[in-house]
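Here is my note on the model you asked about, written as numbered points so that you can check each one against the picture. Please keep the sequence and the structure side by side as you read.

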Amino acid sequence: MGVSQLAYVGINITDVAAWRHLATDILGMEERKRKGGGPLYYRVDDHHHRFALHPGKTDGVAYMGWETSTRADFDETVESVKRAGLKVTPGTKKEKDLRKVLELAKFTDPGGFPMEICYGPLHDEDPFRPGRAISGFHADLLGAGHVVLCYGDYKPSYEFYTKYMGFRLSDYIQFPETEVAFLHCNPRHHSLALFNEGLGSKPGTLNHFSLQMNSIDDVGRAYDLCKEHDVPLALSIGRHTNDEMISFYLISPSGFAIEVGYGGLEVDDETWEEKNYTAAAYWGHSPEAGLTGGGPKKSSGKRARAAS
Ligand SMILES: [Fe+2]
């Protein structure tokens, strides 16, 4: 029972040009050919897509999809979410077609985040072709990356994800103003992290999602490209304590941050020890514009647009 990876993230966006420039030219994702007025799909591995951008009038996370490895796991996890007392809505044929999955179920987590469970993601027969010359992304069975979410009180959601969705605790980081619980559902140190209001984020918002690259040089080049193209940064390059990732944070045109990193720790459940930290970084990660997790920053959109 339980989910096995972060399958995809859906994002509502207002500034299409800035996002396309960021996703392909800076980050190196592959943009799929867009059909009609559908979402903009971005690949980072063999999955049909890992990120779906929905142009419209608002910015922010639209949904997050959690994949199960088998159909039996899908059925059991859906039943488990119902046992937790949450209302589960089956995905419609149109929604399954849009997500490119065989099975889909939707629910709202205890903090109000729109979540989905899916099974049978479409894989592409063509190899991944990055938007710029990079070594590729560390994804595949580890999933798209991780999402870090801000709650009013994360404890009910912690209970839900660990008891009913199959997540296991990796560790905590306790800051003076808040604490973060890092959860894994495969060897990636965390696919999901939960924290209470703090770090500049408001409850109900995505603080950041991450992309892990296969080469530290690709992270460094992305950092250089952000500076060159005037993409605003939230945190400078640094190394995290708990997952040991070397990364930096940029501010997306929708206001939340994106962590671009290399070398994240992988967890072996047989030997893993749950830990606690009081600092997020061994070095670096010093504030640039700060991690807001809020609505779109007009300045970032303008700056990114100007560079495209
Ligand atoms: Fe992160």
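The points below go from confidence and overall size to the two sheets and then to one loop residue.

1. This is a predicted model, in which local features need pLDDT of at least 70 and side-chain atom pairs count only at pLDDT 80 or more, while totals for chains, interfaces and linings use all residues. Residues are numbered from 1 along each chain as its sequence is written.

2. The mean pLDDT, which is the predictor's confidence in each residue on a scale from 0 to 100, is 93 for the protein, and 94% of the residues reach 70 or more. Over residues 292-308, however, pLDDT stays under 50, although the model has 48 contacts beyond four places in sequence for that stretch; two residues are in contact if their C-beta atoms, placed from the backbone, lie within 7 Å. Where pLDDT is low, the predicted coordinates should not be read in detail.

3. For its 308 residues a compact globule would have a radius of gyration near 19 Å, and the 18 Å of the protein agrees with this. The radius is taken over C-alpha atoms, and the globule rule is 2.2 Å times the number of residues to the power 0.38. Along its principal axes the C-alpha trace spans about 50 × 50 × 35 Å. Among contacts with a separation of 6 or more, 70% come from residues 24 or more positions apart.

4. The protein has 6 helices and 18 strands, these being DSSP runs numbered from the N terminus (helices are H or I with at least four residues, strands are E with at least two). Two strands pair if DSSP finds at least two bridges between them.

5. One open sheet has 8 strands in the order S2-S3-S4-S1-S5-S8-S7-S6, with mixed pairing. Strand S2 (30-31) and strand S6 (89-90) each have a single partner strand, so one side of each is left without a neighbour in the sheet. Within this sheet, strand S1 (residues 5-13) and strand S5 (residues 60-68) run antiparallel and are joined by 7 bridges, with Val-9 opposite Met-64 in S5.

6. Strands S7 and S8 are also antiparallel and joined by 7 bridges, and they form a hairpin with 5 residues between them, where Gly-112 in the turn has a positive phi of about 95 degrees. Helix H2 (residues 71-83) lies across S5, strand S7 (101-108) and strand S8 (114-121), running at about 160 degrees to S8. Axes here are lines fitted to C-alpha atoms, for helices over the stretch in contact, and angles run from 0 to 180 degrees between N-to-C directions.

7. The other open sheet has 10 strands in the order S17-S10-S11-S12-S9-S13-S16-S15-S14-S18, again with mixed pairing. Its edge strands are strand S17 (275-277) and strand S18 (281-284), each of which pairs on one side only. S9 and strand S12 (residues 192-196) run parallel and are joined by 5 bridges, with Cys-150 opposite Phe-195 in S12.

8. Finally, consider Asp-153, which sits in the loop between strand S9 (147-151) and helix H4 (155-164). Asp-153 counts as partly exposed because it has 13 C-beta neighbours inside 10 Å: a residue is buried if 20 or more other C-beta atoms lie within 10 Å of its own, exposed if 12 or fewer, and partly exposed in between, with C-beta atoms placed from the backbone. Of the 308 residues of the protein, 45% count as buried.
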